[in-house]
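Biologist: Could you take me through one part of this fold up close, starting with how its helices pack and then moving on to the strands around them?

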Amino acid sequence: MADRTQVPAWPEDAALLAALESWMRDRRWFPLKGDAAPEPGSLSIIGSWELAPSVRDLLVSARRTGSRQTAPVLMHVPVVLESAAELARFAVDGEAPGSEGVLAPAPDGSQVALVDGAHHPAFWRAWALAALEAGTTVDPAGTRAIAQRAQRLRVITGEQSNTSVVMPAPAEGQEAQGREDGATGDVIVKLFRVLAAGRNPDVEVCVALAHDGWQQVPPPVAWSTLTWSDPDTGQEATTDAAVACAFIPRARDGFSLFCDLARQDDAGGPARRRAIELATDLGATTARMHAHLASALGTADGGRPAELAAGLRRRAAWALDEVPALIGDLPGLQGRLDALLADLAALPRLAAATRVHGDYHLGQVLHTSSAEGHWYVLDFEGEPLRPLAERSAPDQPARDVAGMLRSFDYAAAVGRVQDPSWLPAVRAAFLRGYRDAAPPRTPEQERTEDRLLAALEFDKALYEAVYEARNRPTWLTIPVNGLKALLAGGER
């Protein structure tokens with residue numbers, strides 16, 4: 001890019017927020033939708049860091065409409081102030097300016113534009129250099145490579161709650177932009193969009209698993225932190241803001257892979273056998289992940305079953321309040337939920353709790369295409385709608401199992417599988433792989449696990465209903481159909 005010192009000065013905060021507000025509300029990562037949307041003009045900037053000339057990292061605060069008692073939601077919005085002439089020199093997501101990454105013309109009407117920093121090379125150059133200066137790097141050479149190759153960035157589209165950007169190594173015949181650029185493989189950087197005070201599990205857990213020797217998590221490269229003054233308490237708070245890891249080459253995400261297998265299903269033929277084989281291996285990978293989480297981060301008492309049941313009851317009440325149509329559309333829903341939670345509360349004990357993935361589904365795993373292909377697990381941030389303290393607390397590993405089982409429902413629906421036996425076969429294969437790779441269990445432990453898994457899968461389907469109602473109403477039928485099957489008490 002050309003000399004950025006000639007770009008005009010930043011607008012005042014009020015004008016900047018006015019330009020950002022409508023764009024932010026349309027992003028999938030913006031968490032306050034529908035009735036929860038903040039009142040127009042109520043957003044505020046509570047943190048601003050100038051990483052380079054015309055490059056700012058912003059922390060924007062928003063509150064649920066009508067609520068002053070709950071803590072505000074904090075959103076991470078890096079912004080680059082770009083001249084019109086320079087804007088024409090690069091494309092966003094391979095498109096002309098005016099696409100996803102360009103927010104708005106500058107509020108003062110001058111010939112500049114506001115660009116989402118996640119889409120702009122200037123932000124990522126400044127981000128990498130800031131991480132090196134702060135010492136938040138595991139691989140300094142890889143971090144310098146990010147700064148050198150930022151012009152080649154590729155934003156991953158379709159992401160739900162964060163923004164991920166691939167920084168590719170030079171292609172064959174392409175000139176490297178520096179020694180580290182030429183010597184470093186592809187890197188992916190994830191910008192966390194909704195922040196809360198404390199360590200982000202996606203940084204903390206990945207580093208811990210890598211140090212424990214588990215090779216099915218992408219090696220971390222660097223991360224960044226932000227420190228600000230809490231507007232309610234005045235206390236200083238710090239959290240992780242973005243993390244870079246090695247990018248796994250020649251791999252497919254599990255969701256697209258299983259959607260294709262559902263679409264190509266041939267009952268007893270090779271496509272079905274491939275789906276069963278991959279599901280079984282994914283189950284075993286999941287069991288090994290839980291073993292390494294326990295080894296790297298320890299275990300805790302599993303707590304009283306009645307307390308877990310009470311927490312799930314509160315989450316169910318929240319979901320039914322958010323999507324009240326579920327009660328009318330699913331007769332017997334409340335009764336079945338009460339019975340499941342009563343069975344859970346009556347258990348004598350729960351297994352030891354560990355750190356878990358927390359938002360485990362097929363989109364969070366990659367399968368390599370090599371001859372000995374195996375699974376990698378990504379994104380240990382947890383459910384984005386849950387508070388950070390909850391996502392970082394030890395939990396039952398069965399929660400991850402329930403999440404993956406629900407994800408197979410999504411693959412069956414999106415892949416439009418024709419044979420109804422596909423979904424129960426794939427679900428059973430995943431469970432078989434998990435249980436065969438996990439430590440042996442007594443009959444009592446098996447019964448406890450079955451009851452716990454049933455309750456947690458129900459909980460996950462209700463959470464999905466809230467998410468889809470807020471963000472993808474046309475997909476709401478997927479968790480609703482899952483709830484219908486759970487109400488029937490059988491496989492599908």
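**Helix packing and its neighbouring sheets**

Modeller: Let's start with α7, which passes α13 in a right-handed crossing (the near helix is turned clockwise from the far one by less than a right angle; anticlockwise would be left-handed). Before going on, some ground rules: this is a predicted model, where local features need pLDDT of at least 70 and side-chain atom pairs count only at pLDDT 80 or more, while totals for chains, interfaces and linings use all residues. Residues are numbered from 1 along each chain as its sequence is written, and side-chain values use heavy atoms, with hydrogens and water left out. Helix and strand names follow DSSP runs counted from the N terminus (H or I for helices, at least four residues; E for strands, at least two).

Back to that helix pair: α7 and α13 pack with their axes 8 Å apart, at an angle of about 50°. That makes α7 oblique to α13 (under 35 degrees is roughly parallel, over 145 roughly antiparallel, 65 to 115 roughly perpendicular, and the rest oblique). Axes here are lines fitted to C-alpha atoms, for helices over the stretch in contact, with angles from 0 to 180 degrees between N-to-C directions. On the α7 side the contact uses Phe255, Phe258, Cys259, Ala262 and Arg263, and α13 brings Ser407, Phe408, Tyr410, Ala411, Ala412 and Val414 (contact means heavy atoms within 4.5 Å). Sorted by type, the residues of the contact of α7 with α13 are nine nonpolar, one polar and one charged (Ala, Val, Leu, Ile, Met, Phe, Trp, Tyr, Cys and Pro are nonpolar; Asp, Glu, Lys and Arg are charged; the others, Gly among them, are polar).

Now look at α13 from another direction. The axes of α8 (residues 270-297) and α13 (residues 398-414) come within 11 Å and cross at roughly 155°. That makes α8 roughly antiparallel to α13. The crossing of α8 and α13 is right-handed. Here the contact comes from Ala279, Leu282, Met289 and His290 of α8, with Asp400, Val401, Met404 and Phe408 of α13. The residues of the contact of α8 with α13 split into six nonpolar, one polar and one charged. Notice that Phe408 turns up in the contact with α7 and in the contact with α8.

The loop between α7 and α8 is where you'll find Ala267. Ala267 isn't a glycine, yet its phi is positive, about 55°. With 32% relative accessibility, Ala267 counts as partly exposed (buried is under 20% relative accessible area, exposed over 50%, partly exposed in between, using a 1.4 Å probe and protein chains only).

Besides packing on α13, α7 (residues 254-263) lies across β12, β15 and β16, at about 80° to β12. Those three strands form an open antiparallel sheet in the order β12-β15-β16 (strands pair if DSSP finds at least two bridges between them). β12 (251-253) and β16 (375-377) sit at the edges with a single partner strand each, so one side of each has no neighbour in the sheet. From one strand to the next, the twist averages 30°. Three bridges join β12 to β15 (residues 365-368), and Asp253 stands opposite Leu366 in β15. Past β16, in the loop leading to α12, sits Asp379, another residue that has a positive phi of about 55° without being a glycine. Asp379 is partly exposed, at 22% relative accessible area.

α8 also leads us to α6 (residues 201-211), where eight of the 11 residues are buried, so the helix is largely enclosed by the rest of the structure. Its buried residues include Val203, Val205, Cys206 and Leu209. Among the elements covering them are α8, β8, β10 and β11.

Those strands belong to a five-strand open sheet, antiparallel, in the order β6-β7-β8-β11-β10. β6 (154-155) and β10 are the edge strands, pairing on one side only. Helix α3 (residues 121-134) packs on this sheet, touching β7 (162-167), β8, β10 and β11, and makes about 90° with β10. Within the sheet, β11 is joined to β8 by five bridges and to β10 by nine. Cys245 of β11 stands opposite Ile188 and also opposite Pro220. β10 and β11 form a hairpin with six residues between them, and Gly234 in the turn has a positive phi of about 80°. Eight of the 11 residues of β11 (residues 236-246) are buried, so this strand too is largely enclosed by the rest of the structure.
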